[in-house]
Amino acid sequence: MTGAVKYKPFVLLSATTLNGETTLSMCVRGNDEDRKIVEHFFDLMEKNLDCLSKE
């Protein structure tokens with residue numbers, strides 16, 4: 001369990017591995033505008049991870 005421990009704006013992105021599986025998790029402390037930025041970030045990340053996994 002993790003959380004964004006600092007005050008706005010603060011982001012914590014973690015990557016962990018276990019038994020060959022990678023898990024990404026992110027904690028954000030922010031407002032609605034920050035949420036839009038984070039959602040855009042994940043859209044870009046998902047697009048790029050898809051490209052990497054197809055090679």
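These legends describe close-up views of a predicted model.

**Figure 1. Overall fold and confidence of the predicted model.** The protein contains one helix and two strands. Read from the N terminus, the order of elements is β-β-α. Strand 1 covers residues 10–18, strand 2 covers residues 21–29, and helix 1 covers residues 32–53. Mean pLDDT for the protein is 79, with 82% of residues at 70 or more. Confidence is highest in helix 1, at a mean of 84, and lowest in strand 2, at 82.

**Figure 2. Burial, surface and contacts across the chain.** The protein has 55 residues, and 11% of them are buried. About 5000 Å² is exposed. Carbon and sulfur atoms supply 56% of that area. Take the contacts between residues at least 6 apart in sequence: 20% of these join residues at least 24 apart.

**Figure 3. The loop between strand 1 and strand 2, centred on N19.** N19 sits in the loop that links strand 1 to strand 2. Its phi is near 55 degrees. That is a positive value in a residue other than glycine. The side of the burial scale is clear here: N19 counts as exposed because its relative accessible area is 75%, and the cut-off for exposed is over 50%.

**Figure 4. A polar contact at D34 in helix 1.** D34 belongs to helix 1. A polar atom of the D34 side chain lies 2.8 Å from the backbone nitrogen of N31. D34 has 16% relative accessibility, so D34 counts as buried. The cut-off for buried is under 20%.

**Figure 5. The salt bridge between K36 and E33.** The whole structure holds two salt bridges, and this view shows the one that K36 forms with E33. The closest N and O atoms of K36 and E33 are 3.2 Å apart. Both residues are in helix 1. They are three residues apart, so about one helical turn separates them. K36 is exposed, at 52% relative accessibility. E33 is partly exposed, with a relative accessible area of 48%. Side chains of opposite charge can pair when their charged atoms come close.

**Figure 6. The salt bridge between E39 and R35.** This pair also lies in helix 1. The closest N and O atoms of E39 and R35 are 3.0 Å apart. Here the partners are four residues apart, so the separation is again about one helical turn. R35 is exposed, with a relative accessible area of 54%. E39 is partly exposed, at 40%.

**Figure 7. A nonpolar patch on the surface.** The patch is formed by L13, L24, F41, F42 and L49. Together these residues present about 400 Å² of accessible area. Helix 1 gives the largest share of the patch, three residues. L24 comes from strand 2. With 40% relative accessibility, L24 counts as partly exposed. Patch residues need over 30% relative accessible area, so the L24 value of 40% is on the accepted side of that cut-off.

Terms used:
Residues numbered from 1 in each chain as written. Predicted model: local features only at pLDDT ≥ 70, side-chain atom pairs only at ≥ 80, totals over all residues. Heavy atoms only, no water. Patch = residues over 30% accessible without salt bridge, like charges linked within 9 Å, V, L, I, M, F, W, Y side chains within 5 Å. Areas by Shrake-Rupley, 256 points an atom, 1.4 Å probe, with all protein chains shown as cover. Salt bridge = Lys/Arg side-chain N within 4 Å of Asp/Glu carboxyl O. Buried < 20%, exposed > 50% of the residue type's maximum accessible area, 1.4 Å probe, protein only. pLDDT = per-residue confidence, 0-100. Polar contact = N/O pair within 3.5 Å; in protein donor to acceptor, adjacent residues only side chain to side chain. Contact = heavy atoms within 4.5 Å.
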